[in-house]
Amino acid sequence: IRFMSLPDPNVLSATSDLKVMIKPDKENHALHIIDTGIGMTRQDLVKNLGTIAKSGTSEFLAKMEEGENGSQSDLIGQIGVGFYSSFLVADTVVVTSKNNDDEQYVWESDAASFSVSKDPRGDTLGRGTQISLFMKEEAYDFLEE
């Protein structure tokens with residue numbers, strides 16, 4: 001978003017304060033990661049996160065098998081592998097995102113399926129993304145400060 005603001009300062013109109021926050025929520029057994037970056041449109045959520053929820057495990061294993069013939073280092077740093085690993089500690093992952101070019105949407109998954117809907121709360125982020133990990137019981141320790 002900083003790069004986009006150089007020729008067009010209006011892209012920062014929602015907030016010029018660029019930050020990332022990590023907020024543990026012990027009461028709801030959730031960990032929230034919030035940024036004021038570029039955010040995602042509905043299409044971005046479906047394309048980038050929906051595919052992971054639908055086929056994350058099978059796609060990951062297929063790429064690992066392909067890696068036997070090629071380089072497994074191709075997997076390092078890819079959003080699918082990194083993001084899908086959130087289900088190691090969370091039963092449910094909720095991604096709320098607001099991009100300047102779209103309304104605010106909520107993507108939710110339990111790793112078996114996903115849904116995307118317009119956020120009934122409206123525009124609470126201004127711009128950016130909130131990832132909420134609703135932790136598995138054995139991962140509650142990660143909520144300690």
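Q: Where in the chain does Leu6 lie?
A: This is a predicted model, and its chain runs in the pattern α-β-β-α-α-β-β-β-β. Helix α1 covers 2-5 and strand β1 covers 20-25. Leu6 lies in the loop between α1 and β1.

Q: Is Leu6 buried or exposed?
A: To count as exposed, a residue needs over 50% relative accessible area. Leu6 has a relative accessible area of 63%, so Leu6 is exposed.

Q: Which residues make the nonpolar surface patch of about 450 Å²?
A: Leu6, the loop residue we just met, is one of them. The patch is made by Leu6 together with Phe3, Met4 and Ile38.

Q: Is Ser132 buried or exposed?
A: Ser132 is found in strand β6, residues 128-135. Buried means under 20% relative accessible area. Ser132 comes in at 4%, so Ser132 counts as buried.

Q: Which side chain is joined to that of Ser132 by a polar contact of 2.6 Å?
A: Leave aside the neighbours within four places in sequence, and Ser132 is in contact with Leu31, His32, Thr92, Val93 and Val94. The polar contact of 2.6 Å joins the side chain of Ser132 to that of His32.

Q: How many residues apart are Glu103 and Lys118?
A: The side chains of Glu103 and Lys118 meet in a salt bridge, 3.4 Å from N to O. This pair links distant parts of the chain, with Glu103 in the loop between β3 (90-98) and β4 (105-109) and Lys118 in strand β5. The two residues are 15 residues apart.

Q: Which residue forms a salt bridge with Asp119?
A: Side chains of opposite charge can pair when their charged atoms come close. For Asp119 and its partner, the closest N and O atoms are 2.6 Å apart. Asp119 is buried because its relative accessibility is 5%, while the partner is exposed, with a relative accessible area of 54%. That partner is Arg121.

Q: What is the relative accessible area of Asp17?
A: Asp17 and Lys19 bring their side chains together in a salt bridge of 3.4 Å, N to O. Lys19 counts as partly exposed at 35% relative accessibility. Asp17 is partly exposed too, and its relative accessible area is 40%.

Q: How many salt bridges does the structure hold?
A: We've met some already, including Asp17 with Lys19 and Asp119 with Arg121. For the whole structure, the number of salt bridges is 4.

How values were computed
Residues numbered from 1 in each chain as written. Predicted model: local features only at pLDDT ≥ 70, side-chain atom pairs only at ≥ 80, totals over all residues. Heavy atoms only, no water. Helix = DSSP H or I, 4+ residues; strand = E, 2+ residues; numbered from the N terminus. Patch = residues over 30% accessible without salt bridge, like charges linked within 9 Å, V, L, I, M, F, W, Y side chains within 5 Å. Areas by Shrake-Rupley, 256 points an atom, 1.4 Å probe, with all protein chains shown as cover. Buried < 20%, exposed > 50% of the residue type's maximum accessible area, 1.4 Å probe, protein only. Polar contact = N/O pair within 3.5 Å; in protein donor to acceptor, adjacent residues only side chain to side chain. Contact = heavy atoms within 4.5 Å.
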